[in-house]
Structures are given as structure tokens and as C-alpha cells.
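Okay, thanks for making time, everyone. I'll put the model up and then we can walk through a few spots together.

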Amino acid sequence: MSKFNKGYSQDECNKKLKEREVGIYRIVCNKSLKRAFGADSEGILYIGKSVRLLDRFNHFWACAEGRTKNGHSGGVKFKKRLYNEHGISLSGVRIQWIILASDKKAREAEKNELLEYSLKFGEFPPLNSSN
């Protein structure tokens, strides 16, 4: 997989990112996740891309906290699936990203990340899945 940063909380994301940055990102948790082909020790919950990373991240947090039901499907699924009851708290969630030059490069990188993840673990990250 690509070289992502270490991952940051909501407040840290707001401090580190500029308003209009393009790239790919991963939403990760603080624990290993059981997957079809073995454990994901990085705890990747979601892989995505955006032409406005900071806005996208803030939409995730708003949906995951239940402040809105629109804006980020992964955030809605996080809230709906009650991850707190499964030992994954929102306070332990971090977002990692890579800044890229264009939306086209971000689309390609997201596709590659999802393909690599699915080949390694036999399924998409839990918040990318349709169930």
C-alpha cells in the first residue's frame, strides 16, 4: 500500500490541512480487524478520495458523531453500526492521507488502494462495503 502519514484526529486534521487539497485517505481505528483472509493490523475502516480532503474529513466526523446523516457514507455506517459497542470508539479513529496533484491521480490511487486491500484481505474495508 502507499505511503500514508501516521494518522490524525479531527482537531489535528483541521490544523494540518489546507482547504482545497486533493488526495486519497484512509480512516483507521486503534485495533486489529478480522477480515476474510486474516487480520488487518492497521485497522483500516475506509479508503476514499476527495478533491477537498478537509471538507470530506469534517463530513465523516459529523456523520459518525450523529450530527448529520448526509455527507459521508462511511461516517453514517460508523454511527449506524454502533462501532462503540464493538470496541471501536470514535476517539480512537484517525485519518491518514496522501496529497496528490489532481482528481485523476486521486481516482487512480483510490482504485489501486482498494484493489490491493481486497486482494490482501478478500473484501473491502468495513465502511466501504455495501452491507
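So, to start: is Y117 buried or exposed? Y117 counts as buried, because its relative accessibility is 0%, and the cut-offs here are under 20% relative accessible area for buried, over 50% for exposed, and partly exposed in between, with a 1.4 Å probe and protein chains only. Before I go on, the housekeeping. This is a predicted model, so local features need pLDDT of at least 70 and side-chain atom pairs count only at pLDDT 80 or more, while totals for chains, interfaces and linings use all residues. Residues are numbered from 1 along each chain as its sequence is written, and side-chain values use heavy atoms, with hydrogens and water left out.

Back to Y117, then. You'll find Y117 in helix α4, residues 103-121; helices (H or I, at least four residues) and strands (E, at least two) are DSSP runs, numbered from the N terminus. Its C-alpha is 9.4 Å from that of D40, with the two positions 77 residues apart in sequence.

Same helix, another residue: D103 also lies in α4. With 25% relative accessibility, D103 counts as partly exposed. D103 and V51 are 52 residues apart in sequence, yet their C-alpha atoms are 6.0 Å apart. Skipping residues up to four places away in sequence, D103 touches V22, K49 and V51, where contact means heavy atoms within 4.5 Å.

Next, the helix pair. Generally, two packed helices are described by the angle between their axes and the distance between the axes. Here we have α2 (residues 53-64) and α3 (residues 73-80), whose axes come within 7 Å and cross at roughly 20 degrees. That makes α2 roughly parallel to α3. For the record, the axes are lines fitted to C-alpha atoms, for helices over the stretch in contact, and angles run from 0 to 180 degrees between N-to-C directions. Under 35 degrees is roughly parallel, over 145 roughly antiparallel, 65 to 115 roughly perpendicular, and the rest oblique.

Who makes that contact? On the α2 side you have F60, C63 and A64, and on the α3 side G74, G75, V76, F78 and K79. Those residues divide into five nonpolar, two polar and one charged. In this scheme Ala, Val, Leu, Ile, Met, Phe, Trp, Tyr, Cys and Pro count as nonpolar, Asp, Glu, Lys and Arg as charged, and the others, Gly among them, as polar.

The loop between α2 and α3 holds T68. T68 is partly exposed, at 29% relative accessibility. Leaving out residues up to four places away in sequence, T68 touches A62 and C63. Its C-alpha is separated from that of Y83, 15 residues along the chain, by 17 Å.

Now I88, in the loop between α3 and β5 (94-99). I88 is buried, with a relative accessible area of 3%. Leaving aside neighbours within four places in sequence, its contacts are C29, K31, L33, L45, F78 and Y83. From I88 to K31 is 57 residues in sequence and 7.5 Å in space, C-alpha to C-alpha.

Last thing, the cysteines. How many disulfides does a search of the whole structure find? Zero, with a disulfide being a pair of cysteine sulfur atoms within 2.5 Å. Why no bond for C13? Because its closest cysteine sulfur, in C63, is 15 Å away, which is too far. C13 is buried, at 1% relative accessibility, and C63 is buried too, with a relative accessible area of 2%.

That's my tour; over to you.
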